[in-house]
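Colleague: I would like to learn how to read a model like this one, feature by feature. Could you walk me through it?

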Amino acid sequence: VALIEAQRSEERHHLTQKGAAPSTDAADGPLTAYLFERARAVRRQRYGDKVFIRGLIEISNRCRNDCLYCGIRRSNECAERYRLQPADIIACTDKGYELGFRTFVMQGGEDPFFTDEVLCPLIERIKANHPDCAITLSLGERTRESYQRLFDAGADRYLLRHETATDAHYRRLHPSELSLATRKACLSNLKEIGYQTGAGFMVGSPYQTVENLADDMLYLDELQPQMVGIGPFIPHRDTPFRDHAAGSVAQTLFFLGCLRLMLPASLLPATTAIGTLDPQGREKGMLAGANVVMPNLSPPENRGKYLLYNDKLATGCEAAEHLRELDRRFAAVGMRIAVDRGDFAG
Ligand code: SAM
């Protein structure tokens, strides 16, 4: 309530953990409609009725990490591995440009093939071909020097979800190698270098408590990222978390609404995971305050292999080829797809 009322009086609102934790009880409660109404008003004020589209190119499902939740973790021997070559990626961006995309997101597992020596010329080439486009990278943890080189080559934005801002919870999701401290250091480095930076978390990941979610909001309030990606956890049959329940769409939407109020100018995607659990998920995301979608622009023969969780969407409205259908669906909730880089307007 305090969060919503503060926004109503146009004040910047900083959360305290005491105030943040109980607010999540409202996920299905009577305040939700009011929260979403305020979130839409804030979004409209900043970005009008625009939905920004990002062409998602899943460049590799090879990964050196072993995150317990993720279908492309290195220990998953059932995953059919692939890696796109630079020429394939360039072809995706050319096709995406024709379709109306002005942002390309290169996402993948932490595949050692994608060194700076491979990525920098690739970024430079895409920028030379399409100077009016933005490039977003989502390639996991790298050194500060590497982030700097990729930025200097022309990358504009970087997505790296923090996954959970509670140390003990982080260790339960990533018992080997990765640490929350390193993840946070990467995010600070990205921001300092000048990237439009995206953090984010899974809603309903195994062992998550409401206090963990409050910590996530507090961390985001401190970091002030330009983008936040949140989506429900969905189990994958070949991971140790196969028997855990999926996160809730309602709770994810609730946090989207809260994020729009807390970070008014943020770029907030209605993620594929929401769309996977609920066929109306993207529209519901927009109604809760989101303003970004990331249709799949990977080569069609690879789309089914980037399987982070069971039944991940890769066709229909998820496919970059079906923008007109997507636009029709957004029109029903008062929004329209913009042919625009869709930069942070903070
Ligand atoms: N390797 C890069 C990284 O870690 O940032 C990018 C790829 S990673 C697969 C992209 C995101 O997928 C992760 O940040 C995580 O939140 C999400 N993800 C992975 N497994 C998931 C699952 N089972 N359910 C929902 N989201 C999942």
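Modeller: Happily! Let us start from one residue, Phe 52, whose bridge partner in S8 is Val 292. Keep in mind that this is a predicted model.

Colleague: Which residue is the bridge partner of Phe 52 in S9?

Modeller: That is Ala 338. Phe 52 belongs to strand S1, residues 50–53, and 3 bridges join S1 to S9, the two running parallel. On the S8 side, S1 pairs in the parallel sense over 2 bridges. Ile 53 also takes part, with Val 293 as its bridge partner in S8.

Colleague: What is the order of the strands in that open sheet?

Modeller: The order is S8-S1-S9, three strands with parallel pairing. Strand S8 (292–293) and strand S9 (336–338) are the edges; each has a single partner strand, so one side of each is left without a neighbour in the sheet.

Colleague: And which helix lies across these strands?

Modeller: Helix H14, residues 323–331, lies across S1, S8 and S9, and runs at about 130° to S9.

Colleague: How should I think about side chains along a strand?

Modeller: In a regular strand, side chains alternate between the two faces of the sheet. With that idea in mind, turn to the other sheet. This open sheet has 6 strands in the order S2-S3-S4-S5-S6-S7, with parallel pairing. Strand S2 (55–60) and strand S7 (227–232) stand at its edges with a single partner strand each, so each has one side without a neighbour in the sheet. From one strand to the next, the twist averages 20°.

Colleague: How many bridges pair S2 and S3?

Modeller: There are 5 bridges, in the parallel sense, between S2 and strand S3 (residues 103–108). For one of the pairs, look at Ser 60, whose bridge partner in S3 is Gly 108.

Colleague: Gly 108 caught my eye. Which loop residue touches Gly 108?

Modeller: Leu 139 does; leaving out residues up to four places away in sequence, Leu 139 touches Met 106, Gly 108, Glu 110 and Phe 114. Leu 139 sits in the loop between strand S4 (134–138) and helix H6 (144–153). Its C-alpha atom is separated by 9.9 Å from that of Val 105, 34 residues apart along the chain.

Colleague: Is Leu 139 buried or exposed, and why?

Modeller: To judge burial, count neighbouring C-beta atoms within 10 Å; 20 or more means buried. Leu 139 is buried because it has 22 other C-beta atoms within 10 Å.

Colleague: What about backbone angles? Where does Tyr 207 lie, with its positive phi?

Modeller: Tyr 207 lies in the loop between strand S6 (196–203) and helix H9 (210–223). Its phi is near 70°, a positive value in a residue other than glycine. Tyr 207 counts as partly exposed because it has 13 C-beta neighbours inside 10 Å. Gln 224, in the loop between H9 and S7, is not a glycine either and has a positive phi of about 50°. With 14 C-beta neighbours inside 10 Å, Gln 224 also counts as partly exposed.

Colleague: Which residues come nearest to the ligand?

Modeller: Of the 19 residues around the ligand, the nearest are Cys 70, Gly 140, Arg 161, Leu 308 and Tyr 309. By class, the shell has 10 nonpolar, 6 polar and 3 charged residues.

Colleague: And what does the UniProt record add?

Modeller: The unreviewed UniProt entry places the feature "domain: Radical SAM core" at residues 49–271. That span is 39% helix and 17% strand, and its end C-alpha atoms lie 18 Å apart.

How values were computed: Residues numbered from 1 in each chain as written. Predicted model: local features only at pLDDT ≥ 70, side-chain atom pairs only at ≥ 80, totals over all residues. Pairing = 2+ DSSP bridges. Helix = DSSP H or I, 4+ residues; strand = E, 2+ residues; numbered from the N terminus. Axes fitted to C-alpha atoms, helices over the stretch in contact; angles between N-to-C directions. UniProt positions renumbered as here; feature names shortened; annotations may be inferred. Contact = placed C-beta atoms within 7 Å. Near = placed C-beta within 6 Å. Nonpolar A, V, L, I, M, F, W, Y, C, P; charged D, E, K, R; others polar. Buried ≥ 20, exposed ≤ 12 C-beta atoms within 10 Å, placed from the backbone.
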